[in-house]
Amino acid sequence: PAFAVDRQLDLSSVQAARQCCRLQVSWSCLFLKAYALAALEEPLLRQVFITLPWPRLYEHPHSVGAITIDRLDDHGNRRLIWVRIVSPETKSLSELQSILE
């Protein structure tokens, strides 16, 4: 987004369900999946304004998410990498976690 949005949510029930699972799915994967499912019902969440070759709104046929990860490279330097996940709404939480790892 072009601007920050701040909301407070009570995620205690999600936290409790998450702790009961054998596989610890990251919060990033949970939020990615939730946003992708919401975008299925609300196409506006899959729209973007692009200017080339002419100005227009484009609606993606599916969600594409990117999660930023802080990793150490082979020389011990910190690097940011981006994991691009196409159609997270069609993947299970365990699949998303596996892709992230």
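Biologist: Where is S63 found?

Modeller: This is a predicted model, and in it S63 sits in the loop between β2 and β3.

Biologist: Is S63 buried or exposed?

Modeller: The general idea is a cut-off: a residue counts as buried when its relative accessible area is under 20%. In this case S63 has a relative accessible area of 9%, so S63 is buried.

Biologist: Which residues is S63 in contact with, leaving aside its neighbours within four places in sequence?

Modeller: The contacts of S63 are A36, A39, R46, I85, V86, S87, P88 and E89. Take S87 from that list: S63 and S87 are 24 residues apart along the chain, yet their C-alpha atoms are separated by 5.1 Å.

Biologist: Where is S87 found, and what is its phi?

Modeller: S87 belongs to the loop between β4 and α3. Its phi is near 55 degrees, which is a positive value in a residue other than glycine. S87 also counts as buried, because its relative accessible area is 14%.

Biologist: R46 was in the contact list of S63 too. Where is R46 found?

Modeller: R46 lies in the loop that runs between α2 (27-41) and β1 (47-50).

Biologist: Why does R46 count as buried?

Modeller: The same test applies, with buried meaning under 20%. R46 has 12% relative accessibility, so R46 counts as buried.

Biologist: What lies 2.7 Å from a polar atom of the side chain of R46?

Modeller: That is the backbone oxygen of H60. Apart from neighbours within four places in sequence, R46 is in contact with A39, L40, Y58, E59, H60, P61, H62 and S63.

Biologist: Two names on that list are L40 and H62. What does L40 touch, not counting residues up to four places away in sequence?

Modeller: L40 is in helix α2. With those residues left out, L40 touches R46 and E89. For a wider view, take A4: L40 and A4 are 36 residues apart along the chain, and their C-alpha atoms are separated by 23 Å.

Biologist: And where does H62 lie?

Modeller: H62 lies in the loop between β2 and β3. It has 28% relative accessibility, so H62 counts as partly exposed. Beyond four places in sequence, H62 is in contact with R46, V86, S87 and E89. H62 and Q8 are 54 residues apart in sequence, and from C-alpha to C-alpha they are 27 Å apart in space.

Biologist: Now the strands. In what sense do β1 and β2 pair?

Modeller: Start with the general idea: in a regular strand, side chains alternate between the two faces of the sheet. Here β1 and strand β2 (residues 56-59) pair in the antiparallel sense, over four bridges. One of the bridge partners is L57 in β2, which is matched with F49.

Biologist: How many residues are in the hairpin that joins β1 to β2?

Modeller: The hairpin runs through five residues. P53 lies in this loop between β1 and β2. The peptide bond from L52 to P53 is cis, with omega near 0 degrees.

Biologist: Over how many bridges do β3 and β4 pair?

Modeller: Strand β3 (residues 64-72) and strand β4 (residues 78-86) pair over nine bridges, in the antiparallel sense. V64 has V86 in β4 as its bridge partner, and R71 has R79 in β4.

Biologist: Which residue takes a positive phi in the hairpin of β3 and β4?

Modeller: G76 does, with a phi near 85 degrees. This hairpin has five residues between the strands.

Biologist: That leaves the helices. At what angle do the axes of α2 and α3 cross?

Modeller: Two packed helices are described by the angle between their axes and the distance between the axes. In this structure, the axes of α2 and helix α3 (residues 93-100) come within 10 Å and cross at roughly 125 degrees. That angle makes α2 oblique to α3. The crossing of the two, α2 and α3, is right-handed.

Biologist: Which residues in α2 and α3 meet?

Modeller: From α2 there are C29, L30, L32 and K33, which meet L93, L96, Q97 and L100 in α3.

Note on methods. Residues are numbered from 1 along each chain as its sequence is written. This is a predicted model: local features need pLDDT of at least 70, side-chain atom pairs count only at pLDDT 80 or more; totals for chains, interfaces and linings use all residues. Side-chain values use heavy atoms; hydrogens and water are left out. Buried means under 20% relative accessible area, exposed over 50%, partly exposed in between (1.4 Å probe, protein chains only). A polar contact is a pair of N or O atoms within 3.5 Å; within protein, one must be able to donate a hydrogen and the other to accept it, and residues adjacent in sequence count only if both atoms are side-chain atoms. Contact means heavy atoms within 4.5 Å. Two strands pair if DSSP finds at least two bridges between them. Axes are lines fitted to C-alpha atoms, for helices over the stretch in contact, and angles run from 0 to 180 degrees between N-to-C directions. Angles under 35 degrees count as roughly parallel, over 145 as roughly antiparallel, 65 to 115 as roughly perpendicular and the rest as oblique. A crossing is left-handed if the near helix is turned anticlockwise from the far one by less than a right angle, and right-handed if clockwise.
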